[in-house]
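Q: Hi! Could you walk me through this one? I'd like to start with the packing and then look at a pocket.

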Amino acid sequence: MDAKSMRVPLGRLPPAPRRLGLALGLGLALLEPAAAEERRAASACRDIQTIFLPRNKPPKDPLGLLARRGFSLEDYFIGQSIGKGCSGAVYEAAAPAEPPGDGGRGPKRKEGAGGASEAQGAAEAEGWKEGFPLAIKMMWNISAGSTSEGILTTMSQELVPASGRALSGEFGAVARPRGGLCGKKWLKPHPNVIQVIRAFTSQVPLLPGATVDYPDVLPSSLSPSGIGHSRTLFLVMKNYPCTLRQFLSEGRPDPCVGALMILQLLEGVDHLVRQGVAHRDLKSDNILVEFDPAGCPGLVITDFGCCLADQRLGLKLPFPSWYVDRGGNTCLMAPEVATAVPGPGVVIDYSKADVWAVGALAYEILGPGNPFYGQGGPALDSRSYREEELPPLPAPAAPEVKELVGRLLRRNPAKRPSARVAANVLHLSLWGEAAVGRPGLPLPQLVAWLLRQSAAALMTERLGGGRGVVSGLKRGFLAGLDYEELCEAAALLCCWRGAACPAPQ
C-alpha cells in the first residue's frame with residue numbers, strides 16, 4: 001500500500017484524534033504571529049548592533065603618542081608619585097610628544113636632557129597637572145630576574161589589557177606575540193577597562209620618594225636594604241584624576257549617578273567575561289575615575305595582576321591544591337571561590353565571581369558602606385553569610401537597583417544574573433520606562449523604544465555630543481544588543497515591578 005492510499009480525510013478520523021488535530025492547528029495559528037513578532041524583534045536587535053558596534057570602539061592611540069616613540073623610560077618626563085600598591089608604584093608622566101591641544105602648557109625637555117632623573121627636574125619646575133596626561137606604573141621585581149624575557153613571562157597578567165602596539169618596543173616589528181604572551185589572553189579595548197598603551201622593560205631608576213616609600217624592593221645599588229632586581233616592567237597608561245575609593249571619600253553620589261557608576265562596572269565585567277577573563281581583584285582601589293564635561297564620573301577597571309586570563313582554561317580554574325592562586329582581596333571573593341576545597345577534579349568557575357564583587361561595591365557607591373569590610377556594621381564573611389543578613393540600601397536608591405544588588409550577591413552563582421543581563425536591567429531602568437512599564441512588555445513597544453534610542457544616539461554623535469558618560473553607555477548598550485538577554489532583563493524588571501512579562505519562546 002502506498003502513502004497516498006494511506007491518507008485519511010479529517011472528517012473520517014475518530015472524534016478524539018480529530019479534536020486533537022484541530023487543537024494543534026489552532027494553537028499553531030495563534031503562536032505564529034507571536035513567533036513572527038519575536039523574529040522581527042531579534043532581527044532589529046542584530047541590525048542595531050551592526051550599526052553601533054564600530055562606533056563603540058575606543059581610539060587605538062587615545063593620547064596621540066607617536067607610533068615609534070614611548071618605548072623607553074628616557075622618553076618620558078616623570079612627575080610625582082600618584083600611589084603604590086602591593087605590586088608597584090604609579091607616577092604621573094608627560095608624553096614624549098606634546099598632546100594635541102596642550103597649547104604648550106606641558107613640561108618641555110631641556111636641551112640635552114636624557115634620562116628620567118634629569119627629566120624629573122624639568123617636570124617639577126613646570127609643576128602643572130595638565131602637563132602630565134600619562135601615568136607610568138613601575139612594577140616591583142623581586143623574583144622575575146633581570147632579563148626582559150623573564151620579566152615579561154612572570155608579569156604577563158599585567159599585560160592582558162595592553163593595546164596592539166604596546167609591546168612593539170620589546171618585539172621590534174611585531175606588535176605583540178600571536179596567541180598572547182605565555183598563553184595569556186589579550187583584551188580588546190573597552191571604555192570601562194584600562195588600556196595599557198606602552199609596555200617595556202628598563203633599568204630601575206631612583207624615582208621621587210622611592211627610598212622612603214619602598215626601599216626594600218629597590219635593587220641594592222639604589223638602596224642598601226633592597227632585594228629587588230635591577231630591571232623591571234613599566235606600563236604606560238592614561239592618568240586618571242582619582243580612584244573610586246578617593247572619589248567616595250568625598251561623599252556619596254546621588255542615586256541616579258550611583259546607578260550609572262554600577263552600570264559602568266557591569267559593562268566592564270561583561271566585556272571581561274565575554275573574552276574569557278576574570279579580574280579576581282575588584283575593589284575601589286582598582287577602579288579609576290575621570291569626569292566628562294558635565295561632571296559625570298566615568299569608571300575604568302584597572303590592575304590586572306591577579307586576573308585569570310588563560311587561553312586554555314578560560315574562566316574555569318582547576319583547583320587540585322591550596323597552592324593554586326584563587327585571586328586577591330579575600331574580603332570580596334565570591335562565595336563559590338572562597339568556599340572551594342581543593343581536590344582531584346575540583347574546578348572553580350569564575351564566570352559570575354566578578355559580578356558578585358560588583359554587588360559588594362554597590363554598597364560602597366550607594367551607602368552605607370561595604371558590608372564585607374564591616375562598614376556600617378559587623379563584617380560579613382563571603383564564606384558563610386546569609387542573604388538575609390545583607391543590610392538594606394538607603395531609601396533614595398531605586399527599588400529595582402536595590403533588587404538587582406541583592407540578586408548580584410546571591411550565594412548560588414546560578415541564581416545571579418550575568419553581567420550583561422544585570423547591565424541591561426539598569427539600562428532599561430534608567431532610560432526604558434516607557435518600554436518596560438507596569439503593563440508588561442509588548443515587543444513592538446520595546447523595538448520602537450530601541451529604534452528611538454538608536455536615532456537619538458546617532459543624532460547626538462552627529463552633533464558632536466557623544467563624548468559624555470551617558471552617551472557612551474547608550475552607545476555601548478546598542479552595540480551589544482542581544483534579543484534574548486534583553487528580554488531576560490526586561491522580564492526581571494517587570495517581575496520586580498509587579499507586572500506580568502512574557503519571556504521569549
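Q: Leaving aside neighbours within four places in sequence, which residues is Leu-159 in contact with?
A: Happy to help, and keep in mind that this is a predicted model. Beyond those neighbours, Leu-159 is in contact with Leu-152, Leu-167, Leu-181, Trp-186, Ala-199, Leu-233 and Leu-235.

Q: And how many residues are in the largest nonpolar core?
A: That core has 115 residues, and Leu-159 is among those with the most contacts inside it, along with Leu-244, Leu-266, Phe-304, Phe-372 and Leu-409. Helix α9 (residues 353-366) gives the most to it, with 11 residues.

Q: Where does this core lie relative to domain 1 and domain 2?
A: It lies between them, because domain 1 (73-96 + 132-239) and domain 2 (246-497) both give residues to it. There's also a second, separate core of 20 residues, including Leu-134 and Tyr-214.

Q: Switching topic: is His-427 buried or exposed?
A: His-427 is buried, since its relative accessible area is 0%, and the cut-off for buried is under 20%. You'll find His-427 in helix α11 (residues 419-431). Apart from neighbours within four places in sequence, its contacts include Glu-267, Arg-420 and Phe-477.

Q: Now the second largest pocket: what is its volume?
A: About 770 Å³. Of the 34 residues lining that pocket, Gly-85, Val-90, Asp-285, Asn-286 and Asp-303 are the closest to its centre.

Q: How does the lining divide into nonpolar, polar and charged?
A: The lining of the second largest pocket has 15 nonpolar, 10 polar and nine charged residues. Domain 1 and domain 2 each supply at least three of the lining residues.

Notes: Residues numbered from 1 in each chain as written. Predicted model: local features only at pLDDT ≥ 70, side-chain atom pairs only at ≥ 80, totals over all residues. Heavy atoms only, no water. Core = buried A, V, L, I, M, F, W, Y, C linked by side-chain atoms within 4.5 Å. Buried < 20%, exposed > 50% of the residue type's maximum accessible area, 1.4 Å probe, protein only. Helix = DSSP H or I, 4+ residues; strand = E, 2+ residues; numbered from the N terminus. Domains from an automatic or database assignment. Contact = heavy atoms within 4.5 Å. 1 Å grid on protein atoms, 1.4 Å probe; cavity = no way out; pocket = protein on both sides within 12 Å on 5 of 7 lines; lining within 4 Å. Points joined across faces, edges and corners; volume = space filled by probe spheres on them. Nonpolar A, V, L, I, M, F, W, Y, C, P; charged D, E, K, R; others polar.
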